[in-house]
Amino acid sequence: MLLDNFTGQSLSNFEEPTLLFDNGMHSVFWLGYPEETAFRTNTYLLRDKEEFIVVDPGSSENFEFIKKRIHQITNVSEVCAIILCHQDPDVASSLPHWLDIKPDLKVITSHRTEVLLPHYSKKEMNTVIISDDFRFSFSSGNRLRFVEAPFLHFPGAFATYDPVSKFLFSGDVFAALDYDWKLVIDDFESHAMKMDLFHKDYMASNKAAKGFAEKCEPLKINAILPQHGSIIPESFVKNGLDYLKELQCGTDLIYPD
Ligand SMILES: [Fe+2]
Ligand SMILES: [Fe+2]
């Protein structure tokens, strides 16, 4: 898999999109963003034949950079949908720019996120509401699945599963904070400490984390692609799910028994 080529690497070239998966008909790109902060964000582009979807489109501040990266792959107006796993500004504040470019853009999100989006734009939006049972179909017949992740950290948060690449786009779940960033991790133990820095404070409880991990377990996952920090490759996916099952966070720590 292409993604394996980046194991343990901190990229220095942000001048072009990074191809993580490609089978000719279907591709996944990492687009960036090159922040010098521990809270750096990731934006991904999914291509299915001629259809393009942006996952975790990012902030208003990052929009021009992301637009430039997409332009190296396709015309930005070819993007048919964006996926907003929740409404935080680092995920969704670029929304007004997207609607300016493409007023009929599909905004794939949860109902709890949808009600907050008018605070970014009063324009009418073509929202597509996800659930665990919902499938988003490309014209090719390929379909995206969604895994609701209640209270991780937002009540209406969710992850997106692409059955072709077998990538799980996990949003803030599996996020990590670090300065020593690598695109794809090569060691889980040290990475778990970087995930602790985020999860202990942001995630609601062990019950929420364990419940989500158990819903993901039946999926064949070749990589976990979070919105912050590094990608977790197949060799550490089980470690990642076990990490969530054992995680003590949020109210577990604030109000111990
Ligand atoms: Fe968030
Ligand atoms: Fe985030």
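**Close-up 1. Asn75 sits in the loop between helix H1 (63–71) and strand S5 (79–83).** Everything shown here comes from a predicted model, where local features need pLDDT of at least 70, side-chain atom pairs count only at pLDDT 80 or more, and totals for chains, interfaces and linings use all residues. Residues are numbered from 1 along each chain as its sequence is written, chains are lettered from A and ligands numbered from 1 in the order in which they are written, and side-chain values use heavy atoms, with hydrogens and water left out. Helices (H or I, at least four residues) and strands (E, at least two) are DSSP runs, numbered from the N terminus. Asn75 is partly exposed at a relative accessible area of 42%; buried means under 20%, exposed over 50%, and partly exposed in between (1.4 Å probe, protein chains only). From Asn75 to Ser205 the C-alpha to C-alpha distance is 42 Å, with the two positions 130 residues apart in sequence.

**Close-up 2. Phe39 and Phe198 make an edge-to-face aromatic pair.** Rings of Phe, Tyr and Trp (its six-membered ring) pair if their centres lie within 6.5 Å, and planes under 30 degrees apart count as stacked, over 60 as edge-to-face and the rest as tilted. By that rule there are 14 aromatic pairs. In the pair of Phe39 and Phe198, the centres are 5.9 Å apart, with 80° between the planes. Phe39 lies in the loop between strand S2 (26–32) and strand S3 (43–48) and Phe198 in helix H5 (residues 188–202), so the pair ties together parts 159 residues apart in sequence. Phe198 is buried, at 0% relative accessible area, while Phe39 is partly exposed at 32%. Elsewhere, ring pairs join Phe21, Tyr44, Phe167 and Phe169 into a cluster.

**Close-up 3. Two arginines place their charged ends over aromatic rings.** The rule asks for NZ of Lys or CZ of Arg within 6 Å of the ring centre and within 35 degrees of the ring normal. Arg40 sits over the ring of Trp181, 4.4 Å from its centre. Arg69 does so over Phe65, at 4.7 Å from the ring centre.

**Close-up 4. Helix H6 (residues 206–216) meets helix H7 (residues 237–246).** Their axes come within 7 Å and cross at roughly 150°; axes are lines fitted to C-alpha atoms, for helices over the stretch in contact, and angles run from 0 to 180 degrees between N-to-C directions. That makes H6 roughly antiparallel to H7, since angles under 35 degrees count as roughly parallel, over 145 as roughly antiparallel, 65 to 115 as roughly perpendicular and the rest as oblique. Contact (heavy atoms within 4.5 Å) involves residues including Phe212 and Ala213 of H6 and Leu241 and Leu244 of H7.

**Close-up 5. H5 and H7 are oblique to each other.** Their axes come within 11 Å and cross at roughly 40°. The residues in contact include Phe188 and Met195 of H5, along with Tyr243 and Leu244 of H7.

**Close-up 6. Here are some backbone details to look for.** Most residues other than glycine have a negative phi, and most peptide bonds are trans. The peptide bond from Leu152 to His153 is cis, with omega near -15°. His153 belongs to the loop between strand S9 (143–148) and strand S10 (158–162), and Phe151 is also placed between S9 and S10. Phe151 has a positive phi of about 65° and is partly exposed, at 45%. Asp56, with phi near 55°, is buried at 2%.
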